[in-house]
Amino acid sequence: MAEPDSYEGGELVVEDMGGESAIKLGAGNAVIYPTGALHRVNPVTSGERLAVVGWIRSLVRRADQREILFDLDITSRALFEKDGKTALYDRLAKTRSNLLRMWAED
């Protein structure tokens, strides 16, 4: 991996509903975006850009279901940080786990 100040250009450009985002992170950092997102890497004009490319497969295929699970996770974590382990926290954690079991694919 290469530090961003060791080369010129080479930004990862990802397009979404809001337009284009140019990304140039430090060594050891990762960018995760949907497989279907339009993207490109700008030409490197000096230096050397080294990168690792990989893929992640979610066990929950549908984006709307993943968003619900994410929101439940964020909410339950915030509740736990505020009040600790409570009956309400346990109910949220149970609901998230049950939904994950229902929606996960093998």
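**A three-stranded sheet and a helical core**

A hairpin takes the chain from β2 into β3 by way of two residues. All of this comes from a predicted model, so-called local features included only where pLDDT is at least 70. The two arms of the hairpin, β2 and β3, run antiparallel and are held in register by five bridges. One of the facing pairs puts Asp 16 across from Gly 19 in β3.

On to the other partner of β2. Strand β2 covers residues 12–16, and three bridges link this strand to β4, again in an antiparallel arrangement. Here Val 13 sits opposite Arg 40 in β4.

Put together, the three strands make an open sheet with the order β3-β2-β4 and antiparallel pairing. Why do β3 and β4 each have one side without a neighbour in the sheet? Both stand at the edges, β3 with residues 19–23 and β4 with residues 39–41, and each has a single partner strand, so one side of each has no neighbouring strand in the sheet. The strands aren't perfectly lined up either: neighbours in this sheet are turned by 20 degrees against each other on average, ignoring direction.

Next up is the nonpolar core. The largest one consists of seven residues, namely Val 60, Leu 69, Leu 72, Leu 79, Leu 92, Leu 99 and Trp 103. Two or more of these residues come from α1 (63–83), and the same goes for α2 (87–103). Leu 72 gives a closer look at the packing: leaving aside residues up to four places away in sequence, Leu 72 touches Leu 92, Thr 95, Arg 96 and Leu 99. Of these contacts, Leu 92 and Leu 99 also belong to the largest nonpolar core.

Terms used. Residues are numbered from 1 along each chain as its sequence is written. This is a predicted model: local features need pLDDT of at least 70, side-chain atom pairs count only at pLDDT 80 or more; totals for chains, interfaces and linings use all residues. Side-chain values use heavy atoms; hydrogens and water are left out. Two strands pair if DSSP finds at least two bridges between them. Helices (H or I, at least four residues) and strands (E, at least two) are DSSP runs, numbered from the N terminus. Axes are lines fitted to C-alpha atoms, for helices over the stretch in contact, and angles run from 0 to 180 degrees between N-to-C directions. A nonpolar core is a set of buried Ala, Val, Leu, Ile, Met, Phe, Trp, Tyr and Cys residues joined through side-chain atoms within 4.5 Å. Buried means under 20% relative accessible area, exposed over 50%, partly exposed in between (1.4 Å probe, protein chains only). Contact means heavy atoms within 4.5 Å.
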